[in-house]
Structure formats: C-alpha cells, structure tokens
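Open the model in your viewer and keep the sequence panel beside it. The tour goes from one selection to the next and says what is there at each stop.

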Amino acid sequence: MALSMPSSSTPLPPWEEIIPVAELYLLYCDSQPLPLFYRDSFLSSLQTRETELLFAILALAFRFSYGYHSRADSTSLINGYAEVARGLVMKRVSEGPVELSHLQSLCILSLVDFTSTDPAFPTSFQHLDSS
C-alpha cells in the first residue's frame, strides 16, 4: 500500500487512532448495505489498504466516535477525510486502471454523502457528470 500523504490539511491519523475507528466501522457499518470486506481479516489487513480507502473508512465510521470528540470537531474531520478520499480516488479512477479498492472507496463515499446532514456537502459523484 502506498501510504504517501496527499497534500492536504487533513493528514492520515496514526494507526493507534485508525484501529478504533475501523472497529467502529465493523460494528456499525459492515455489510450496510453491501459486504465490502472479509470481516475476519478486515482489521489485520488495514495496513495493506490503499490510502484513499482508509480515508473513506475514517469518513464513514468516525461519526460513531462522538463520545471521544466534540460534534463540531468530528464533522470537520469527517468532511476533511471525505474530501481527501474523494480527491485520491477520483484521481486514481481518471488515471486508471480501476481496482477493487477504488470501487470500495466509492461505495463508502456514497454512504458518507448519503448520511451527511450538511446540504452543502459535496457528493462523490458530482465530478463524474461534469465531463
């Protein structure tokens, strides 16, 4: 996995912060509505996942960690994670070839968009209809 950091104001957090959010993903998001990962090896395979997929997972599951962060901070981080994931995956899709991790990222980002309460929050697919 390429863990090269995109030029963004939202960096990928350290693994000790990613793992608990990934556990929240398994608890609240896994197979909702599609099974995107093999549950038994999900956590152990995180470090081999593409960067855009990690950001997408963080964007979707971080909202369940409100007990650890304020709602305003969480919303800001979720939007930042989604923005980075969206930019990375759209770049990869446009440059090809498209791989399973890109499709997984797009599925997760569509759920982030669907669950967003911000009407100004950009959708993952608005870039696709501008061509």
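Select helices α1 and α2 and look at how they pass each other: the crossing is left-handed. This is a predicted model. Helix α1 covers residues 15-28 and helix α2 covers residues 51-61. Their axes come within 9 Å and cross at roughly 60°. Are the two helices parallel or oblique to each other? At an angle of roughly 60°, α1 and α2 are oblique, because the angle lies outside the ranges that count as roughly parallel, antiparallel or perpendicular.

Now show the side chains where these two helices touch. On the α1 side, select W15, I18, V21, L24 and Y25. On the α2 side, the residues they meet are L54, I57, L58, L60 and A61. Colour this set by residue class: the contact of α1 with α2 has 10 nonpolar residues, no polar ones and no charged ones.

Stay with α2 and select the whole helix. How many of its 11 residues are buried? The count is 11 of 11, and α2 is mostly covered. The buried residues of α2 include T51 and E52 at the start of the list, as well as F55 and A59. L54, I57, L58, L60 and A61, which meet α1, are also among the buried residues.

Next, select the loop between α1 and α2, which holds S31 and P33. S31 is not a glycine, yet its phi is positive, about 65°. Most residues other than glycine have a negative phi, and most peptide bonds are trans. Is S31 buried or partly exposed? Its relative accessible area is 31%, so S31 counts as partly exposed, since buried means under 20% and exposed means over 50%. A little further along the loop, check the peptide bond that joins Q32 and P33: it is cis, with omega about 0°.

Which other peptide bond should be checked for a cis form? Select G96 and P97: the bond from G96 to P97 is cis, and its omega is near -10°. P97 sits in the loop between α3 (71-95) and α4.

Move on to helix α4, which covers residues 100-115, and select Q104 in this helix. Q104 has 5% relative accessibility, so it counts as buried. What does Q104 touch, leaving aside its neighbours within four places in sequence? With those neighbours set aside, its contacts are L36, F37, R49 and L53. One of these, L53, is a buried residue of α2.

In the same helix, select D113. D113 is also buried, because its relative accessibility is 14% and the cut-off for buried is under 20%. Add R86 to the selection and draw the distance between the two side chains: a polar contact of 3.0 Å joins D113 and R86.

Finally, clear the selection and show the whole protein. The protein has four helices and zero strands, and from the N terminus on its elements run α-α-α-α. Colour the chain by accessibility: of the 131 residues in the protein, 42% are buried. Then turn to the contacts with a separation of 6 or more: residues 24 or more positions apart account for 66% of them.

How values were computed
Residues numbered from 1 in each chain as written. Predicted model: local features only at pLDDT ≥ 70, side-chain atom pairs only at ≥ 80, totals over all residues. Heavy atoms only, no water. Buried < 20%, exposed > 50% of the residue type's maximum accessible area, 1.4 Å probe, protein only. Polar contact = N/O pair within 3.5 Å; in protein donor to acceptor, adjacent residues only side chain to side chain. Axes fitted to C-alpha atoms, helices over the stretch in contact; angles between N-to-C directions. Parallel < 35°, antiparallel > 145°, perpendicular 65-115°, else oblique. Left-handed = near helix turned anticlockwise from the far one by under 90°. Contact = heavy atoms within 4.5 Å. Nonpolar A, V, L, I, M, F, W, Y, C, P; charged D, E, K, R; others polar.
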